[in-house]
Amino acid sequence: MYEPIRTKSVHRMTDDARDAFPHRSREEELDIQLAGHLGALLAVTDELGDTEAGELIARQVARLRGAPPARHAGLSGAPAGTLHRKAHALAGRALVVAASRADTAAAILAAERMDAHTAALAEDTLVGAP
């Protein structure tokens with residue numbers, strides 16, 4: 001009544017599937033994530049017109065990606081306060097990833113950018129006060 005299977009199974013074992021496609025290491029994933037956050041921060045920084053900070057960020061992105069970043073070409077038309085809040089959040093994300101991958105240079109840059117955007121927001125609040 002029982003007949004052995006003579007053909008190969010169409011199903012794979014989990015271990016077989018591991019070698020079927022390339023995997024990235026944790027460090028490579030963190031590099032990609034950090035470069036993405038810094039690239040977004042660069043776009044907002046360029047829109048704010050801060051060329052000096054933009055160059056520092058662009059150097060870090062180029063180091064992580066191995067190629068110079070594409071610079072922001074268009075303007076969103078958002079108010080400066082909104083852009084500073086967005087840049088602060090992006091710098092915070094970059095700081096978290098930089099700290100987790102132990103990238104001191106990127107962490108220091110992200111922390112400095114957070115401080116700069118916090119100061120800009122405080123200045124906008126003081127200027128806008130009656």
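Select Asp-103 first: at 7% relative accessibility this residue counts as buried (buried is under 20% relative accessible area, exposed is over 50%, and partly exposed lies in between, with a 1.4 Å probe and protein chains only). The model is predicted, so local features need pLDDT of at least 70 and side-chain atom pairs count only at pLDDT 80 or more, while totals for chains, interfaces and linings use all residues. Residues are numbered from 1 along each chain as its sequence is written, and side-chain values use heavy atoms, with hydrogens and water left out.

**Around Asp-103**

Keep Asp-103 and add Arg-63; their side chains meet in a salt bridge, 2.6 Å from N to O (a salt bridge is a side-chain nitrogen of Lys or Arg within 4 Å of a carboxyl oxygen of Asp or Glu). This pair links distant parts of the chain, with Arg-63 in helix α3 and Asp-103 in the loop between α4 and α5, 40 residues apart. Helices are DSSP runs of H or I, at least four residues long, numbered from the N terminus. Arg-63 counts as partly exposed, at 43% relative accessibility.

Next add Arg-101, which also forms a salt bridge with Asp-103; here the closest N and O atoms are 2.3 Å apart. Arg-101 is partly exposed, with a relative accessible area of 24%. Salt bridges that share partners join Asp-31, Arg-63, Arg-101 and Asp-103 into one network.

Between Arg-101 and Asp-103, select Ala-102, in the loop between α4 and α5. Its phi is near 60°, a positive value in a residue other than glycine. Ala-102 counts as exposed, at 63% relative accessibility.

**A second salt bridge to find**

The structure holds seven salt bridges. Select Arg-113 and Asp-50, which form one with the closest N and O atoms 3.2 Å apart. Arg-113 is in helix α5 and Asp-50 in the loop between α2 and α3, so the pair links distant parts of the chain, 63 residues apart. Arg-113 is buried, with a relative accessible area of 11%, whereas Asp-50 counts as partly exposed at 28%.

**Along α3**

Now show α3 alone: the helix has 15 residues and reaches 20 Å from its first C-alpha to its last, close to the 21 Å expected at 1.5 Å a residue (the expected span is 1.5 Å times one less than the number of residues). Colour Ala-53, Gly-54, Ile-57, Ala-58, Gln-60, Val-61 and Leu-64, which are buried. Looking down the axis, these buried residues fall within an arc of 165°, so they line one face of the helix; the arc is that of the directions from the helix axis to the C-beta atoms. On the other side of α3, Thr-51, Glu-52 and Arg-59 are exposed. Just after the helix, Gly-66 takes a positive phi of about 85°.

**Into the core**

Select Leu-34, Leu-38, Leu-41 and Ile-57, the residues with the most contacts inside the largest nonpolar core, which has 23 residues (a nonpolar core is a set of buried Ala, Val, Leu, Ile, Met, Phe, Trp, Tyr and Cys residues joined through side-chain atoms within 4.5 Å). Helices α2 (26–48), α3 (51–65), α4 (80–100) and α5 (104–128) each supply at least two residues of this core.

Finish on Leu-34. Not counting residues up to four places away in sequence, Leu-34 touches Leu-64, Ala-94, Val-97, Ala-98, Arg-101, Asp-103 and Ala-106, contact meaning heavy atoms within 4.5 Å.
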